[in-house]
Amino acid sequence: MLFRLNISLFAASIALSLAGCSGGDSATATVTALVAPVPPATTLSLAAQVGKQMFFDETLSGSRKMSCATCHDPKFAYGPPNDLAVQLGGSTLTESGDRAVPSLRYKEYTPAYADLLDNPDGISVPGPGGGFTWDGRANSLADQAKIPLLDPHEMANTSPANVVAKIQVSTYAPLFQQAFGGTVFADPAAAFNAAVAALQAFQLEDVSFHPYNSKFDLYAGNKIGGTLTAAETRGLKLFSDPATGNCASCHYQGAGLGGSSALFTDFSYEAISVPRNLAIPANNNPLYYDMGICGPIRSDHVPTSANAKDAFCGMFKAPTIRNVTNRKSFFHNGVMHSLQQVIQFYNTRDTMPELWYPTIGGVAKTVNDVNFPTYGLIQTQYVGGTVQKYNDLPAAYLANIDTQLPLDGRAAGSAPPMSDNDIADLICFLGTLNDDYVATKTPPISGSCVN
Ligand code: HEC
Ligand code: HEC
């Protein structure tokens, strides 16, 4: 069935051909300039002002050296400032986390998690979607903030009352009382709820969390400086083409959401079988698998018995890919460290699985063939042996793994959907999604990402 979405909100728009996340339906949607539901506040509410102080307050941790901004650095789009797969935290800053730190930008429209969320693209059938963290276990930014404050591997406060006691002796205690009432500290449970509401208000109100000032935003709004180069235009086509890159089917949400556009995520969850990362200490236990929605970190979708069928196992949230070229570790387990590697994974997960998953048995070559790619996670070429394809999900759940383009399950050794040049163009397009773009007076006529 062919749907046609005709959303004409603002100035120029471009046609994007979109395939629904869970099927072959296609439609022509329109990318439009953004219309914020609430105009960005020029001044923050009192609650948001408190939240801002808290966000950067290192004393709100067991170590007294870690704030939200330690892991969510505003200079890195509120993502991690380094290339570690997972960060160190805890009372002595030596405890390893279990997952990569997501960017906190563009979360303001994220709906609460539902097993059957209507897909915002208006095309795909409902499926798991919404919520915060890689597995959707927090339903609001306020609920989410409780996790790092109390996690012994992160900010490691011992209890909600412990957090409140620290706020009570902070420089912003009077502001906290102004925002939430003079007697707020008398009830630590209520004060803790006020504290996480303040963190939420800061993230929702402060424009630095959703500036919409990338080159793409100028382009979609038909503004000066928003002309995409030839390479970026080819990249956009690959991004949205259901027959090649197909990125838009999960990383673009259509033009719904009260007129907003271009969050570059549809909040959906899929199992794309990111390889296991042995740099995460928890993964040293061969029986441990981080399976996203079905646990064990999230607890409400755990399979009824070991290996009982469970469609949620292996599913993680498709994150926004705005500002992604500034990241240095990728996916829920941070196993990849460059964008080229990420996209080559999408391209060759099935055609050259030996680049991504370990080979058991076989003989390692002393010298790799000259054409053996160097971008993979595995740098050693083997003769014979068996590739442990999809090595971070127990066998019982392998049927959950997504097989839509570009990860379409095609046979090992066959041609991948994208060429190396395509991938270079796609990376150029992704670069247009970085915030704080400054248009040059005269567009360059040569250089990378131009022609
Ligand atoms: C030690 C590093 C660390 C610190 C400190 C930290 N976070 Fe996070 N944050 C993470 C990680 C890792 C995740 C992903 C967690 C998961 O998927 O289970 C995350 C996820 C989030 C998310 C969900 C984003 C999304 O895409 O769904 C929000 C919101 C968030 N953190 C806010 C905060 C706030 C507010 C604070 C301070 C109270 C904070 N974080 C402190 C590491 C950290
Ligand atoms: C079937 C849905 C789907 C398709 C198609 C898809 N992605 Fe993703 N993407 C995801 C999911 C799910 C994740 C998170 C997976 C995980 O961490 O286990 C993800 C993660 C990413 C990340 C890592 C972001 C971060 O912050 O770590 C990048 C970059 C990315 N995708 C780019 C792309 C590009 C480029 C394309 C097109 C070539 C694409 N994706 C196609 C679902 C999809």
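**View 1. Helix 3 and the lining of the largest pocket.** Helix 3 supplies six residues to this lining, the largest share. Please keep in mind that you are looking at a predicted model. The largest pocket has a volume of about 770 Å³. Its lining counts 37 residues, and His 72, Pro 102, Gln 144, Pro 148 and Glu 154 are the closest to the pocket centre. Helix 3 spans 141–150, and the other elements that give two or more residues to the lining are helix 2 (68–71), strand 4 (88–89) and helix 6 (188–205). As for the chemistry on show, the lining divides into 20 nonpolar, 10 polar and seven charged residues.

**View 2. The second largest pocket.** Here the volume is about 370 Å³. If you want to find the centre of this pocket, look for Lys 215, Thr 227, Tyr 437, Pro 443 and Pro 444, which lie nearest to it among the 21 lining residues. The lining is made up of 10 nonpolar, eight polar and three charged residues.

**View 3. Helix 11 from end to end.** This helix runs through residues 420–431. Its 12 residues, at 1.5 Å a residue, should span 16 Å, and the end C-alpha atoms are 17 Å apart, so expectation and model agree.

**View 4. The buried residues of helix 11 and their neighbours.** Ile 423, Asp 425, Leu 426, Cys 428, Phe 429 and Leu 430 are the buried residues of this helix. Follow them outward to their packing partners: helix 7 (215–220), helix 8 (230–240) and helix 10 (339–348).

Terms used:
Residues are numbered from 1 along each chain as its sequence is written. Chains are lettered from A and ligands numbered from 1 in the order in which they are written. This is a predicted model: local features need pLDDT of at least 70, side-chain atom pairs count only at pLDDT 80 or more; totals for chains, interfaces and linings use all residues. Side-chain values use heavy atoms; hydrogens and water are left out. Helices (H or I, at least four residues) and strands (E, at least two) are DSSP runs, numbered from the N terminus. The expected span of a helix is 1.5 Å times one less than its number of residues. Buried means under 20% relative accessible area, exposed over 50%, partly exposed in between (1.4 Å probe, protein chains only). Contact means heavy atoms within 4.5 Å. On a 1 Å grid over the protein atoms alone, a cavity is a set of points where a 1.4 Å probe fits but cannot get out, and a pocket is an open set with protein on both sides within 12 Å along at least five of seven lines; lining residues have an atom within 4 Å of a point. Grid points are joined across faces, edges and corners, and a volume is the space filled by probe spheres set on the points. Ala, Val, Leu, Ile, Met, Phe, Trp, Tyr, Cys and Pro count as nonpolar, Asp, Glu, Lys and Arg as charged, and the others, Gly among them, as polar.
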